[in-house]
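This report goes through one protein model, from its strand pairings to two individual residues. The sequence and the structure come first.

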Amino acid sequence: MARDWKLVIDCADPIGLARFWAEALGYQVEDNSVLIERLAAAGAVPPEAYVEVDGRKAWRELAAVRHPDDPVDPASGTGLGRRFLFQAVPEPKGVKNRLHVDLHVGPEGRAAEVKRLTALGATVLAEVADRGSEHTTMADPEGNEFDVQ
């Protein structure tokens, strides 16, 4: 049986990294404000658990992005399909990723995509020609590696 999944990424700034990846992927930042409002009104979460972002309550230590075509749970704002969840952790990134994202744009679109992602805060780490393909290895604003192919 196939399983539902989400990719969870440890980071220092979940809200900032969610914004970067939403722009990078054409995804949407999840809006959990309805859930947070309900939990806050019930006294189930303290005020320090959330912040205001763009006029809405958002989790301080969690933020997610979801594919715009996938369904959403209206009671929580949580995506029910393809999504990345960014969670705050106290330690900084220490070593190379063992798992990374590949963005497929094709050879004709790679230079423009690298330029766009750099403008969003990514950095180019390497231009790679390997096993008959070429790609650009980049890092997101917190140093997580990904490839543009």
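## Strand pairing in the first sheet

Two strands are taken as a pair if DSSP finds at least two bridges between them. S2 and S5 are joined by 2 bridges and run antiparallel. One of the residue pairs here is Val29 with Val65 in S5. The model is a predicted one.

S5, which covers residues 62-66, also pairs with S6 in the antiparallel sense, over 5 bridges. Val65 stands opposite Phe84 in S6, and Ala63 stands opposite Phe86 in S6. Val65 thus appears in two pairings: with Val29 and with Phe84. S6 (residues 83-88) is in turn joined to S1 (residues 7-11) by 5 bridges, and these two strands run parallel. In that pairing, Leu7 stands opposite Phe84.

## The first sheet as a whole

In what order do the strands of this open sheet stand? The order is S1-S6-S5-S2, 4 strands with mixed pairing. S1 and S2 are the edge strands; each has a single partner strand, so one side of each is left without a neighbour in the sheet.

Why is S5 described as largely enclosed by the rest of the structure? The reason is that 4 of its 5 residues are buried; the cut-off for buried is a relative accessible area under 20%. Helix H1, residues 14-25, lies across S1, S2, S5 and S6 and runs at about 160° to S6. In a regular strand, side chains alternate between the two faces of the sheet.

## The second sheet

Another open sheet of 4 strands has the order S7-S10-S9-S8, again with mixed pairing. Its edge strands are S7 (101-103) and S8 (123-130), each of which pairs on one side only. From one strand to the next, the twist averages 25°.

S7 is joined to S10 (residues 145-148) by 3 bridges, and the two run parallel. Within this pairing, Leu103 stands opposite Val148 in S10. Helix H3 (residues 110-120) lies across S7, S8, S9 (133-139) and S10. The helix runs at about 5° to S9.

## Asn32

Asn32 is found in the loop between strand S2 (28-29) and helix H2 (33-41). Is this residue buried or exposed? Asn32 has a relative accessible area of 10%, and because the cut-off for buried is under 20%, Asn32 counts as buried.

Which residues does Asn32 touch once its neighbours within four places in sequence are left aside? They are Lys57, Trp59, Ser76, Gly77 and Thr78. With Ser76 there is also a specific atom pair: the side chain of Asn32 reaches the backbone oxygen of Ser76 at 2.9 Å.

## Leu120

Leu120 belongs to helix H3. Its relative accessibility is 32%, and because partly exposed covers values between 20% and 50%, Leu120 falls in that class.

Leaving aside neighbours within four places in sequence, Leu120 is in contact with Phe20, Glu23 and Ala24. Glu23 and Leu120 are 97 residues apart along the chain, while their C-alpha atoms are separated by 7.9 Å.

## The protein overall

The secondary structure comes to 3 helices and 10 strands. From the N terminus on, the elements run β-α-β-α-β-β-β-β-β-α-β-β-β. The C-alpha atoms fill a box of roughly 55 × 35 × 35 Å, taken along the principal axes.

Of the 149 residues, 38% count as buried. The protein exposes about 9,100 Å², with carbon and sulfur atoms supplying 54% of this area. For contacts between residues at least 6 apart in sequence, 58% join residues at least 24 apart.

How values were computed: Residues numbered from 1 in each chain as written. Predicted model: local features only at pLDDT ≥ 70, side-chain atom pairs only at ≥ 80, totals over all residues. Heavy atoms only, no water. Buried < 20%, exposed > 50% of the residue type's maximum accessible area, 1.4 Å probe, protein only. Polar contact = N/O pair within 3.5 Å; in protein donor to acceptor, adjacent residues only side chain to side chain. Contact = heavy atoms within 4.5 Å. Axes fitted to C-alpha atoms, helices over the stretch in contact; angles between N-to-C directions. Areas by Shrake-Rupley, 256 points an atom, 1.4 Å probe, with all protein chains shown as cover.
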